Amino acid sequence: MAFRRFAAALIGLVLWTGAAEAAPQTHAYGEDPRQTLDIYGDDGLTDAPVLLHVPGGGWANQDKAMAWSIPRMASREDILLAVMDYRAPPDFDAADQAQDVAMAVAWLKANAAAHGGDPDRIFVMGHSAGGHLAALIGVDPFYLEAQGLNLSDLAGVILLDGAAYDAALQADYLKSVYGSENASAHIFGPDISVFTPADRVRPDMGTPPFLILYVSQRGYGIRQVHALEAAFDAASVDYETAAVRDSDHVRIAYEFGEPGNPAGRAAARFIRKHSGR
């Protein structure tokens, strides 16, 4: 399957970069073995902005070892970085995964200060399927409210070539790849609109600012971006978009922390702008 080859490529990249970074601290934010996150770079930080990264992997093959070069950007910018894992099919679907992201935010809200972070400046970033989950908890208050939080508890959301901003488009894509009408059922269930960030955007909900980064030559991804832009325009949400040239769906995250990387630079500017730095 095309997706399985893509997921294998992602996982194959994990080991190469992980060896180059200092070992993170692992913490549990829930009771399931996959409900854990890794904390990077808390030495010497005080009241630093907090960045929670949600890796991609098709809602099934994510791994918090997919920090790749992101810790390098966080270190340069004096950002407390957390990279999370989350539950996966067949036992869990996108609703459970979005709830996991909200639970990780709640854990950081309660614990970031002990690691040198500012719990009032938490940013969520997601790549690919992780971008979908980051967008979903950034526009639909249901997930954060279940943790006693609000959309306004997020300082901002950063999307790296995310997926399923329009989940119906995503379902059509999965159907074309797998040749099955039910290819997305294990992820989104029968009511796909519930998992479509573009359908969940409402005015006057305290939606945090968004930075939407996408690969310029990936037409399918661009259509997803346009759906989210239209929803944000209609609801007067504060957002920025930028096309990342000379990149691809994996490299936009894999190379994110390298010096001079355009996606990393854009994210750093966005965090500085919305954290009062």
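Is Glu-258 buried, partly exposed or exposed? Glu-258 counts as partly exposed, at 30% relative accessibility. The structure is a predicted model, and this briefing covers its salt bridges, two of its helices and its nonpolar cores. Eleven salt bridges are present, and one of them joins Glu-258 to Arg-72.

**Salt bridge between Arg-72 and Glu-258**

- The side chains of Arg-72 and Glu-258 form a salt bridge with an N to O distance of 2.4 Å.
- Because Arg-72 belongs to helix 2 (residues 70–76) and Glu-258 to the loop between helix 10 (251–254) and helix 11 (262–274), the pair ties together parts that are 186 residues apart in sequence.
- Arg-72 is partly exposed, with 23% relative accessibility.

**Salt-bridge network around Lys-109**

- A network of salt bridges links Lys-109, Asp-120 and Asp-153.
- Between the side chains of Lys-109 and Asp-120, the N to O distance is 3.3 Å.
- This pair links distant parts of the chain, eleven residues apart, with Lys-109 in helix 3 and Asp-120 in strand 5 (residues 117–127).
- In the salt bridge of Lys-109 with Asp-153, the closest N and O atoms are 3.3 Å apart.
- Asp-153 sits in the loop between helix 5 (141–145) and strand 6 (156–160) while Lys-109 is in helix 3, so their pairing ties together parts that are 44 residues apart in sequence.
- The relative accessibility of Lys-109 is 22%, which makes this residue partly exposed.
- Asp-120 is exposed, at a relative accessible area of 59%, whereas Asp-153 is buried, at 17%.

**Helix 3 and the nonpolar cores**

- Helix 3 comprises 18 residues (94–111) and spans 25 Å from its first C-alpha to its last, close to the expected 26 Å.
- Of the 18 residues in helix 3, 13 are buried, and the helix is mostly covered.
- At the N-terminal end, Asp-93 acts as a cap, placing a side-chain oxygen 3.0 Å from the backbone nitrogen of Ala-95.
- The largest nonpolar core contains 59 residues, and Leu-52, Trp-59, Met-84, Val-124, Ile-137 and Leu-159 have the most contacts inside it.
- Helix 3 supplies the largest share of this core, with ten residues.
- Another core, of 31 residues, lies apart from it and includes Met-66, Ala-155, Ala-253 and Tyr-254.

**Helix 9**

- Helix 9 (residues 219–235) has 17 residues, and its span of 25 Å from first to last C-alpha is close to the expected 24 Å.
- Buried residues in helix 9 include Tyr-220, Ile-222, Val-225, Leu-228, Glu-229 and Phe-232.
- Ser-236, just after helix 9, adopts a positive phi of about 55°.

Key: Residues are numbered from 1 along each chain as its sequence is written. This is a predicted model: local features need pLDDT of at least 70, side-chain atom pairs count only at pLDDT 80 or more; totals for chains, interfaces and linings use all residues. Side-chain values use heavy atoms; hydrogens and water are left out. Helices (H or I, at least four residues) and strands (E, at least two) are DSSP runs, numbered from the N terminus. The expected span of a helix is 1.5 Å times one less than its number of residues. Buried means under 20% relative accessible area, exposed over 50%, partly exposed in between (1.4 Å probe, protein chains only). A polar contact is a pair of N or O atoms within 3.5 Å; within protein, one must be able to donate a hydrogen and the other to accept it, and residues adjacent in sequence count only if both atoms are side-chain atoms. A nonpolar core is a set of buried Ala, Val, Leu, Ile, Met, Phe, Trp, Tyr and Cys residues joined through side-chain atoms within 4.5 Å. A salt bridge is a side-chain nitrogen of Lys or Arg within 4 Å of a carboxyl oxygen of Asp or Glu.
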